[in-house]
Every structure is written in structure tokens, then in C-alpha cells.
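Here are my notes on the model. Please read them with the structure open.

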Amino acid sequence: LSEKTTVKPKPRFVRVNTLKTTTGSVIEVLSKMHKVDKDDMVPDMLVLPPGTDMHKHPLVTDGKVFLQGKASCMVAAALSPKPGWKVIDACAAPGNKTVHLAALMNGEGSIIACELNKERAKTLQHTVRRSGANNIETVIGDFLNIDSNDPSYAEVRAILLDPSCSGSGISTERLDHLLPSHSIDDQDDGGSSARIWKLSAFQRKALSHALSFPSVERLVYSTCSIHQAENEDVVSSVLPLASSLGFELATPFPQWRRRGLPVFDGAEHLLRTDPEDDLEGFFIALFVRKAAAADALE
Ligand code: SAM
């Protein structure tokens, strides 16, 4: 290794909110000032030069563009809910993925956005208002207390579960904003093994609970952690339950090269992103109910 390591500046990714505008019209506006490319994998994702500051841009303040990274956008895109579906976003605030789901569903169908923390639920509601989505119901409470056998959840076909995690894949300056520790009652510093252990115990519980909803066909589990304990280990621990309920792991973005750590058979289905990919460290697992996979082929 050379002694001088140069840090390659990361491109600025932004997501076009198709509930309010079109990708074409955003490109038209932005290309007057910047070089703009469409991302080759995630729909409605634009790539701007590193350092482009969009925070005060009217497209952003009007909710037409969201300053959301590519890895974060891969999560809702991996779930790929259809317009008209009933969907749960289990751990929703600040709501970036919730409103991305609404856009992917063309605002049709319904989304139940569950958030435990009252203060963060306010941010979620603000995000929802900014997006213009009108098919999102906010539920302030514990996802684990939602009764999956309650008839009001009988038609839920997709769940996005992006629970509290250590945030070890995210650059430190964004941590305060993104990563709550409210739900996990601990005093440890962010990276301690006791904290990771507590987080992973919660993540397993939440994932098992998500699998118990009777009509769910697609379920995404995601984190912005790089720790195996919060990622592959959580997924492998629920595999017997998942398989007994008819779920199997599917491969989100098959063209993506970086997959799960090879710690169990099937980890090749999992997706990891990494700073080496010019992205933050995210993890995505996609469960698909077998019957639904067979139906889709018919
Ligand atoms: N998906 C969000 C986004 O992209 O904007 C980020 C979610 S953040 C990683 C996790 C959220 O889950 C936090 O806001 C946290 O307060 C919430 N949370 C933690 N435990 C929860 C629980 N048991 N039920 C519901 N929400 C919970």
C-alpha cells in the first residue's frame, strides 16, 4: 500500500420525487448548472458531481427532490411494492424510505408508517407532508405490539423493516440525524459489543415479527451497519422460521457485485454496499413468499 491514500470524493446522489415531478423535468432544471447523469440501476436517481450543494435548492425545499443516497434508495426499490398494495414501513422515521415507497406505488394503495419515538414521528410527518403523498398513515407506537393477526393487517402484502442499528456504515456527521438510540435502552458507545448485541437481539425480534404477517409476499430487512451481527447473523437466525412460513431469500439487484458475507448457504442473495462502491455501508435482505414467487411466474 502506498503511504499516501487519497480519498476519492463521492458523487452526490439525489432522488426525484415522482409524486410531484418527473425525472425529465428535474434533469432539465439541474443540467443548466451541473453535469447530471441518471443512475444506471436505481430508477429516478440522479448523479451529480461530488460536493454539489443542493440543500437550499427550490427543488429540494419544494419536496420535488430528496437528498437521499443511492444505497438508501436501493432499499425501497428492492421491496418494489406495486401500486395499490397495502404496505407497512415498520420503523419509519425520518421517513425517507416511506415516501420513496409511496412514489414507487404512484401514491396508490396504502402505507402504514410505524414509529416508536414521538419526536421522530414528527419528523416523519413532516417528510410525508413535504413529499405530497396522501396514502400514508402514521402509527406512533411499537411495531412489535402491532398484532399481525388483527384483521386490519390481513391484507398487508409488503413490509419494509429498517430498524435501529449501530449506523456503522454511515459517515459520522450524519449519525446524529439518522440514528436514534431511543428504542434501545443503553448507555454504551455506538460500537461496543454490548450495544451491537442488544441491537441485534431487537433486530431478530422485529424481523421474526414481520415474517408473521399472514399475507406478506415481500419483506425487506435493511440496516446501515457493516457488522455481521446486525446483518447476515440476523438473517440466518430467522431462516428456519422464514422457511416454515414459506419464505425464501431472493436476490435484490442481481447485477450488483457485492453480496452478503459468505457465512451461510444463501448469503449470496444478500446485498451489501460499501464506501469502496462510492456509497455508504448498507445491507439488504429480501424475503419472498414462495407461493407469491410461483404466482409471479404464471
Ligand atoms: N427507514 C428510515 C428512513 O429511511 O428514513 C430510518 C429508520 S431508523 C434506522 C430506525 C427507526 O426505527 C428510528 O426512528 C427508531 O426510533 C424506530 N424504532 C426503533 N424501534 C422501534 C420499534 N420497536 N417500533 C417502531 N419503530 C421503532
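1. Start with the loop between strand 5 (86-89) and helix 4: Pro 94 sits there. Its peptide bond with Ala 93 is cis, with omega at about 5 degrees. Helices (H or I, at least four residues) and strands (E, at least two) are DSSP runs, numbered from the N terminus.

2. On provenance: this is a predicted model, in which local features need pLDDT of at least 70 and side-chain atom pairs count only at pLDDT 80 or more, while totals for chains, interfaces and linings use all residues. Residues are numbered from 1 along each chain as its sequence is written, and side-chain values use heavy atoms, with hydrogens and water left out.

3. Overall content. The chain has 9 helices and 12 strands. Of its 298 residues, 50% are buried. Buried means under 20% relative accessible area, exposed over 50%, and partly exposed in between (1.4 Å probe, protein chains only). Among contacts with a separation of 6 or more, 71% join residues 24 or more positions apart. Contact means heavy atoms within 4.5 Å.

4. Helix 4 is mostly covered, with 7 of its 9 residues buried. Lys 97 and His 100 are among them. Just after this helix comes Asn 106, with a positive phi of about 50 degrees. Asn 106 belongs to the loop between helix 4 and strand 6.

5. A second positive phi to check is at Ser 80, near 50 degrees in a residue other than glycine. Ser 80 is in the loop between helix 3 and strand 5. Its relative accessible area is 35%, so Ser 80 is partly exposed.

6. Helix 3 and helix 4 pack at an angle of about 45 degrees, their axes 9 Å apart. That makes helix 3 oblique to helix 4. Axes are lines fitted to C-alpha atoms, for helices over the stretch in contact, and angles run from 0 to 180 degrees between N-to-C directions. Angles under 35 degrees count as roughly parallel, over 145 as roughly antiparallel, 65 to 115 as roughly perpendicular and the rest as oblique. The crossing is right-handed: the near helix is turned clockwise from the far one by less than a right angle. Residues that meet here include Cys 73 and Ala 76 from helix 3, and Leu 101 and Leu 104 from helix 4.

7. Which helices are roughly parallel? Helix 7 and helix 8 are. They pack at about 30 degrees, with axes 10 Å apart, again in a right-handed crossing. Arg 204 and Leu 207 are among the helix 7 residues at this contact, and Val 238 and Leu 241 among those of helix 8.

8. The largest nonpolar core has 43 residues; Met 74, Val 87, Ile 136 and Phe 253 have the most contacts inside it. Such a core is a set of buried Ala, Val, Leu, Ile, Met, Phe, Trp, Tyr and Cys residues joined through side-chain atoms within 4.5 Å. Elements giving two or more residues include helix 4, helix 5 (118-131) and strand 12 (283-289). Helix 3 gives the most, 8 residues. Beyond its sequence neighbours within four places, Phe 253 touches Met 74, Ala 77 and Leu 271, among others. Another core, of 32 residues, lies apart and includes Ile 159 and Phe 202.

9. Last, helix 1 (residues 23-30). Thr 23, Val 26 and Leu 30 are buried there. They line one face, because they fall within an arc of 65 degrees seen down the axis. The arc is that of the directions from the helix axis to the C-beta atoms. These buried residues pack against elements including strand 1 (12-16) and helix 2 (58-61).
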